[in-house]
Amino acid sequence: MDITVSVNGAARAASVEARKTLADFLREDLDLTGTHVGCEHGVCGACTVIVDGRAVRSCLMLAVQAAGSEVTTIEGLAPDGALGPLQQAMRDSHSFQCGFCTPGFVMQASAFLRAHPDAGEQEIREALSGNICRCTGYQSIIDGVLLAARRSREG
Amino acid sequence: MPVKLPHVEYEVPATVAEAVDLLAEHQDEASVLAGGQSLIPLMALRLARPAVLIDINGLGEMSGVSVSDGRVSIGAMTREYVAEESETVADAVPLLAAALPLIGHEAIRSRGTIGGSLAHADPAAELPAVALALDAELVVRSRAGDRVVPAAQWFEGYLATSRRPDEILVEVRFPAAGPGTGAAFQEVARRHGDFAIVGLAASLTLADGAISDARLAFAGLGDVPVRAADAEALLVGEEPSAELFEEAARRATDGIDPPADLNGSPEYRKKVAATLVRRGLRAAADSARHNSARHNSARHNSARHNSAHAHERP
């Protein structure tokens with residue numbers, strides 16, 4: 001099927017099989033390998049991207065279903081190569097170790113903070129509860145998102 | 001281990017009528033693709049092998065929440081986050097409002113749908129228990145027309161419903177809660193967002209201090225959601241009390257024979273179920289009292305207080 005998807009602000013046209021997930025489309029067809037594929041059945045959260053403003057699991061959505069939608073991937077948060085404010089806060093908080101889960105956490109947190117800029121720790125924990133990290137023990141990830149929220153409030 | 005999805009034909013009907021025609025043509029060779037949060041993993045795991053996917057995500061006519069004649073109608077394609085944010089749902093179907101935040105995680109609710117969960121019919125999921133407790137009606141459509149199926153006749157077995165292969169679930173109707181209704185969805189899961197080891201949908205309506213309507217249904221206790229009719233009958237006409245709720249917990253769990261799996265033995269599940277009945281009834285009664293007071297003082301707003309949801313460890 002021929003589809004056109006807006007990815008990180010640019011229209012991308014491609015011909016894909018119906019069975020191809022959005023995650024594989026981003027990685028294989030568009031070479032946007034920042035989106036990581038972990039469990040491939042919706043459990044780990046590593047492949048989380050933003051579609052039309054909402055965090056979704058790109059392994060549980062077909063690429064053909066994204067036709068006409070606006071997709072933001074981790075690459076879209078740092079278009080000029082400079083880290084975005086959430087990424088910078090997470091870096092400052094040593095939020096990550098091996099980095100495999102990182103893009104999923106960052107995209108989930110990004111969508112959540114945009115909708116809930118005043119969120120507190122409990123709400124952030126709840127929002128990130130669907131993402132699995134095997135390294136950090138999560139505390140540093142929460143710290144990073146809280147720091148980003150605080151910095152954005154303080155302008 | 002999950003692998004890439006197998007080859008599948010893909011159809012995108014422009015109308016519900018077209019979807020019905022496609023189902024009539026392909027019957028059980030086809031699966032209806034709504035939010036995909038269960039079907040896509042099942043395909044990745046080769047537990048589902050549809051030859052054809054009928055993608056209904058573009059059918060706007062199947063999405064939305066409306067109220068009429070004391071019923072709240074929710075289009076089957078309504079996404080869970082949309083229902084979660086709906087003031088109508090919060091006001092008129094407090095049990096559903098209590099259950100929605102417990103479904104999966106935020107990113108799952110971005111795509112997952114009300115109808116999809118009920119058509120998938122996982123007995124450990126929240127919405128089947130809610131639909132059963134509230135005597136929801138499921139409207140299915142085929143070329144022969146619409147058929148209305150009471151929730152009590154919908155769930156036939158593990159991931160099995162009374163939907164016929166040529167029928168599509170188009171709408172779910174819930175009775176609007178009367179004044180003085182309070183609800184709670186309680187569940188115990190290994191981790192937040194996991195399927196419940198045991199879950200309980202509880203709704204109580206109070207009139208002049210006594211229980212006029214009681215509804216209890218379990219998730220996770222068998223192949224289908226389980227209604228606790230004996231306990232409901234005990235509760236009606238009585239005033240809420242710890243002793244009453246204790247007896248209701250006993251009646252609700254006396255006859256159950258829960259399954260054993262890695263998450264818990266039958267004995268453990270039974271004990272958790274009884275605990276959830278006590279907690280759920282307490283929370284529903286508190287919420288009902290609050291709503292009665294609110295109704296009596298004619299301050300009818302702020303639907304947030306209409307429901308209580310909890311997600312606790314035993």
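Start in chain B by selecting Val72(B) and Phe174(B): Phe174(B), in β10(B), is the bridge partner of Val72(B). What you have open is a predicted model, in which local features need pLDDT of at least 70 and side-chain atom pairs count only at pLDDT 80 or more, while totals for chains, interfaces and linings use all residues. Residues are numbered from 1 along each chain as its sequence is written, chains are lettered from A and ligands numbered from 1 in the order in which they are written, and side-chain values use heavy atoms, with hydrogens and water left out.

**The sheet in chain B**

Widen the selection to strands β5 (residues 71-75) and β10 (residues 168-175) of chain B, which pair in the antiparallel sense over five bridges. Two strands pair if DSSP finds at least two bridges between them; strands (E, at least two residues) and helices (H or I, at least four) are DSSP runs, numbered from the N terminus.

Now show the whole open sheet: five strands of chain B in the order β4-β5-β10-β6-β7, with antiparallel pairing. At the edges stand β4 (65-68) and β7 (145-150) of chain B, each with a single partner strand, so one side of each is left without a neighbour in the sheet. From one strand to the next, the twist averages 25°.

Add helix α1 (residues 16-26) of chain B, which packs on the sheet and touches β6 (137-142) and β10 of chain B. Contact here means heavy atoms within 4.5 Å. The direction of α1 makes about 120° with that of β10(B); angles run from 0 to 180 degrees between N-to-C directions, and axes are lines fitted to C-alpha atoms, for helices over the stretch in contact.

**A helix pair in chain B**

Next, pick α10 (residues 242-254) and α11 (residues 266-296) of chain B, whose axes come within 9 Å and cross at roughly 140°. Among the residues that meet are Phe245(B) and Ala249(B) in α10(B), and Val277(B) and Leu281(B) in α11(B). By class, this contact of α10(B) with α11(B) has nine nonpolar, one polar and five charged residues.

**Over to chain A**

Select α3 (residues 102-115) and α5 (residues 139-153) of chain A: they pack at an angle of about 35°, with axes 11 Å apart. Phe105(A), Ala109(A) and Leu113(A) in α3(A) meet Ile141(A), Val145(A), Ala148(A) and Ala149(A) in α5(A).

Finish on Ser110(A), also in helix α3 of chain A. Is Ser110(A) buried or exposed? At 13% relative accessibility, Ser110(A) counts as buried (under 20% relative accessible area, with exposed over 50% and partly exposed in between; 1.4 Å probe, protein chains only). Leaving aside residues up to four places away in sequence, Ser110(A) touches Ile50(A), Leu77(A) and Leu86(A).

How values were computed: Ala, Val, Leu, Ile, Met, Phe, Trp, Tyr, Cys and Pro count as nonpolar, Asp, Glu, Lys and Arg as charged, and the others, Gly among them, as polar.
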